[in-house]
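Reader: Could you take me on a close look at the ligand site and the spaces around it? I'd like one connected walk-through, with the cut-offs spelled out as you go.

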Amino acid sequence: MKDKFFYACVDCGKTFESSQTIYLCNECEKRNDDKHPPYGVLKTEYDYNGINTRLKNNVFQQLEKTGFIDLLPIKSNDSLPFLKVGNTSLYKITSIDNDIFDFELYLKDDSQNPTFSFKDRASAIVSAYAKENNIDIIVAASTGNAGSSLAGICASQKQKAVIFVPASAPKAKLTQIMMYGAQIIPVDGTYDNAFDLSIETTKKYGWYNRNTAFNPLTIEGKKTVSFELFSQLNKNLPDRIFVPVGDGVIISGVYKGFEDLLNLGIIDKIPVIVAVQAIGSGNIINNLNRNNFISSSSRTLADSISVDIPRNFRMTKKYLFDYAGENILVSDEEILAASKVLSSRTGIFAEPAASAAFAGFLSFYWDGKFEKGSKNVVLLTGSGLKDLNAVQKIIDIPEPVKPDIKEIEKFFF
Ligand SMILES: *Cc1c(COP(=O)(O)O)cnc(C)c1O
């Protein structure tokens with residue numbers, strides 16, 4: 001039987017069979033060094049004509065009914081964790097403050113995933129693939145969420161996770177990793193150091209590696225959000241989607257999901273995707289128009305998008321150019337302010353990286369950039385409970401009062 005999927009190198013186009021576990025293109029990876037985003041990241045492709053021929057009519061409905069298994073790099077949905085990953089809520093918001101929008105705003109709340117971040121979409125597919133291929137140990141380097149996600153998903157699947165994280169990662173994320181029973185390896189260094197170390201363990205011990213923009217299957221998990229959006233909007237495309245960007249894998253996943261639908265002829269265009277980065281960590285946006293990549297060391301309170309060398313830069317750049325994507329940089333102050341607006345006006349408390357996407361939305365909104373009637377989505381990628389420290393500076397918990405009813409008055413009158 002022909003393989004269900006194959007890989008194509010983003011840089012040279014060389015294709016690879018999927019019968020063996022591979023990561024980067026063996027030719028392009030020779031060009032890699034530790035100062036530049038890697039060459040040779042692989043994209044997963046399916047036999048789109050074959051799927052259409054087999055399913056004939058109502059292709060999207062049929063795909064939806066079977067959990068999109070035809071577009072996933074695994075044999076069966078039964079290999080996925082029993083925890084509910086994806087299928088998160090899409091909320092329609094009609095106003096903030098007293099302004100009623102004349103466009104549509106939707107919030108995709110991916111903090112509802114089992115470990116409270118979008119990363120579970122990728123971990124679920126990687127874990128299912130490992131299960132089908134009798135792999136027991138999965139390793140990942142992470143700024144925190146990918147690691148806590150892999151740790152949780154592996155716990156549910158009775159697999160062993162080994163997680164490299166910068167020792168400075170937020171405490172909630174480190175705690176999750178420990179509680180889920182993974183082997184944590186805090187690294188006295190940056191995420192980039194942790195990344196390189198995890199890859200060495202894959203080379204040396206053969207552990208299956210979940211690193212983003214290294215393992216091509218993470219994007220296949222992340223793309224499921226696009227199938228859901230299309231479905232939740234009653235088979236309409238959004239006009240704009242705001243996505244927080246660090247390594248550029250989530251945004252590539254969003255593109256890949258729509259591209260799969262485009263390849264199947266289910267949709268005829270790709271929505272405008274807005275890449276949102278922190279000013280202090282703009283290594284994708286700032287390099288889009290440069291010929292030679294220059295990395296600046298990142299400084300932002302949004303730890304999940306704080307990346308010096310964005311691993312999926314090359315694929316992200318290609319997507320943004322091919323499909324006329326937009327971009328915006330937001331400051332840490334804007335991120336904190338957006339986080340407060342989001343929490344207090346909608347009841348959704350998002351972590352700083354996710355609030356960055358909302359800050360991007362707010363900036364477009366105040367600039368009057370939304371066409372009347374347009375559908376706009378903000379991808380909220382992680383829960384605010386993951387990083388309580390970040391928001392302490394904008395809150396002020398009152399001094400305790402004596403348990404006396406008169407004391408209450410000072411809060412209200
Ligand atoms: C990982 C992560 C991001 C950024 O995703 P990339 O693939 O690195 O661009 C954004 N928000 C949250 C909450 C994340 O965990």
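Author: Asparagine 145 puts a polar side-chain atom 2.7 Å from an oxygen atom of the ligand. Lysine 119 does something similar: an N or O atom in the side chain of lysine 119 is 2.8 Å from a ligand oxygen. With glycine 248 it's the backbone that takes part, with a polar atom 2.8 Å from an oxygen atom of the ligand. These are polar contacts, meaning pairs of N or O atoms within 3.5 Å; within protein, one atom must be able to donate a hydrogen and the other to accept it, and residues adjacent in sequence count only if both atoms are side-chain atoms. In total, 16 residues surround the ligand, and the closest are Lys119, Asn145, Gly246, Asp247 and Thr381; to make that list, a residue needs a heavy atom within 4 Å of the ligand.

A word on the source: this is a predicted model, where local features need pLDDT of at least 70 and side-chain atom pairs count only at pLDDT 80 or more, while totals for chains, interfaces and linings use all residues. Residues are numbered from 1 along each chain as its sequence is written, and side-chain values use heavy atoms, with hydrogens and water left out.

Now for the empty space. Rolling a probe the size of a water molecule over the atoms shows where empty space is left. The search runs on a 1 Å grid over the protein atoms alone: a cavity is a set of points where a 1.4 Å probe fits but cannot get out, a pocket is an open set with protein on both sides within 12 Å along at least five of seven lines, and lining residues have an atom within 4 Å of a point. Points are joined across faces, edges and corners, and a volume is the space filled by probe spheres set on them.

There are 3 cavities of 30 Å³ or more, and the largest has a volume of about 290 Å³. It is lined by 27 residues, with Lys119, Lys222, Asp247, Ile250 and Ser304 closest to its centre. So which names turn up again from the ligand's closest residues? Lys119 and Asp247 are among the residues closest to the ligand, and Lys119 and Asp247 are also among those closest to the centre of the largest cavity. Helices α4 (145–157) and α9 (249–263) each supply at least two lining residues, and α9 gives the largest share, 3 residues. Helices here are DSSP runs of H or I with at least four residues, strands are E runs of at least two, and both are numbered from the N terminus. By class, this lining has 12 nonpolar, 10 polar and 5 charged residues. For that split, Ala, Val, Leu, Ile, Met, Phe, Trp, Tyr, Cys and Pro count as nonpolar, Asp, Glu, Lys and Arg as charged, and the others, Gly among them, as polar.

On to the open spaces. The largest pocket holds about 480 Å³. Its lining has 22 residues, and Gly67, Leu80, Val85, Asn87 and Glu228 lie nearest the centre. The elements giving two or more residues to that lining are α3 (120–132) and α8 (224–232), with α8 providing the largest share, 5 residues. The lining breaks down into 10 nonpolar, 8 polar and 4 charged residues.

Helix α8 deserves a moment of its own. Because 7 of its 9 residues are buried, α8 is largely enclosed by the rest of the structure; buried means under 20% relative accessible area, exposed over 50%, and partly exposed in between, using a 1.4 Å probe and protein chains only. The buried ones are Thr224, Val225, Ser226, Phe227, Glu228, Leu229 and Phe230. Glu228 is also one of the residues nearest the centre of the largest pocket. After α8 comes asparagine 234, with a positive phi near 50°.

The second largest pocket has about 390 Å³ of space. Among its 18 lining residues, Asn32, Asp33, Asp196, Ile199 and Arg311 lie nearest the centre. Here the classes come out as 7 nonpolar, 3 polar and 8 charged.

One last stop is lysine 375, in strand β13 (residues 375–380). Lysine 375 is buried, at 18% relative accessible area. Its side chain makes a polar contact of 3.2 Å with that of glutamate 104. Leaving aside neighbours within four places in sequence, lysine 375 has contacts that include Tyr106, Leu233, Asn236 and Asp239, where contact means heavy atoms within 4.5 Å.
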